[in-house]
Amino acid sequence: MPSYIDTKYVNLLSSRLLLFKRKNEGLYNFRCPFCGDSQKSKTKARGYFYQKRTDLFFRCHNCGESTTFSNFLKKLDGVLYKDYALERRSNRPRFKYGRTRSNQTRKTSISYQDRSSPN
Ligand SMILES: [Zn+2]
């Protein structure tokens, strides 16, 4: 599942993307704002947001543009991007910092358990 922040900003952005459709969990389809998508057919939409691990990426099958959701947002709406970057930053550093520490704690507690096993 994409992070709730990504999902929130996809929703905020969706009103500006033509033919925006949610295809699936973590998969969205719309007309590419960079190349304007197909000029022959107004119903073709070849821009996609797709999920890779927990992050969202953008890819256009018309012009080949490929970038992270974060960069896509930066190019399309600098103001909205600032909010997004801020919100992500305030949610992530504590998590990243704690990861290595909790791994060390886990290792220690396992060896303690082994030694003190009553059987
Ligand atoms: Zn494109």
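These exercises walk through the fold of the chain shown above, each with a worked solution.

The structure is a predicted model, in which local features need pLDDT of at least 70, side-chain atom pairs count only at pLDDT 80 or more, and totals for chains, interfaces and linings use all residues. Residue numbers start from 1 along each chain as its sequence is written.

**Exercise 1. The overall layout**

Work out how many helices and strands the chain has, and the pattern they follow.

Solution. Start with the elements, which are DSSP runs numbered from the N terminus (helices: H or I, at least four residues; strands: E, at least two). The chain has four helices and five strands. Reading along the sequence then gives α-β-β-β-β-β-α-α-α.

**Exercise 2. The sheet**

Find the order of the strands in the sheet, and say which strands lie at the edges.

Solution. Begin with pairing: two strands pair if DSSP finds at least two bridges between them. On that basis the five strands form an open sheet, ordered β1-β2-β3-β4-β5, with antiparallel pairing. Next come the edges: β1 (21–24) and β5 each pair on one side only. From one strand to the next, the twist averages 25 degrees.

Now check individual pairs. Four bridges join β2 to β3, and Leu 27 has Tyr 50 in β3 as its bridge partner. Finally, look at what lies on the sheet: α2 packs there, touching β3, β4 and β5, and its direction makes about 100 degrees with that of β5. Such angles run from 0 to 180 degrees between N-to-C directions, with axes being lines fitted to C-alpha atoms, for helices over the stretch in contact.

**Exercise 3. Strand β4 and its two hairpins**

Describe how β4 pairs with β3 and with β5, and which of its residues are on the covered face.

Solution. Take β3 (residues 47–52) before β5: β3 and β4 pair in the antiparallel sense over six bridges, one of which links Gln 51 to Leu 56. Two residues separate the strands of this hairpin, and Arg 53 in the turn has a positive phi of about 55 degrees.

On the other side, β4 and β5 (residues 66–68) pair over three bridges, again antiparallel, and Arg 59 has Ser 66 as its bridge partner. Here five residues lie between the strands, and Gly 64 in the turn has a positive phi of about 85 degrees.

For the faces, recall that in a regular strand the side chains alternate between the two faces of the sheet. In β4, Leu 56, Phe 58 and Cys 60 make up the covered face, while Asp 55, Phe 57 and Arg 59 are on the uncovered one.

**Exercise 4. Two packed helices**

Determine how α1 and α3 are arranged, and which residues meet between them.

Solution. The two helices, α1 and α3 (residues 78–91), pack at an angle of about 170 degrees with their axes 11 Å apart. Angles over 145 degrees count as roughly antiparallel, under 35 as roughly parallel, 65 to 115 as roughly perpendicular and the rest as oblique, so α1 and α3 are roughly antiparallel to each other.

Contacts come next (C-beta atoms, placed from the backbone, within 7 Å). Ile 5, Tyr 9, Leu 12 and Leu 13 of α1 meet Leu 80, Tyr 84, Glu 87, Arg 88 and Asn 91 of α3. Leaving aside residues up to four places away in sequence, Tyr 9 touches Leu 73, Leu 80 and Tyr 84.

Conventions
A residue is buried if 20 or more other C-beta atoms lie within 10 Å of its own, exposed if 12 or fewer, and partly exposed in between; C-beta atoms are placed from the backbone.
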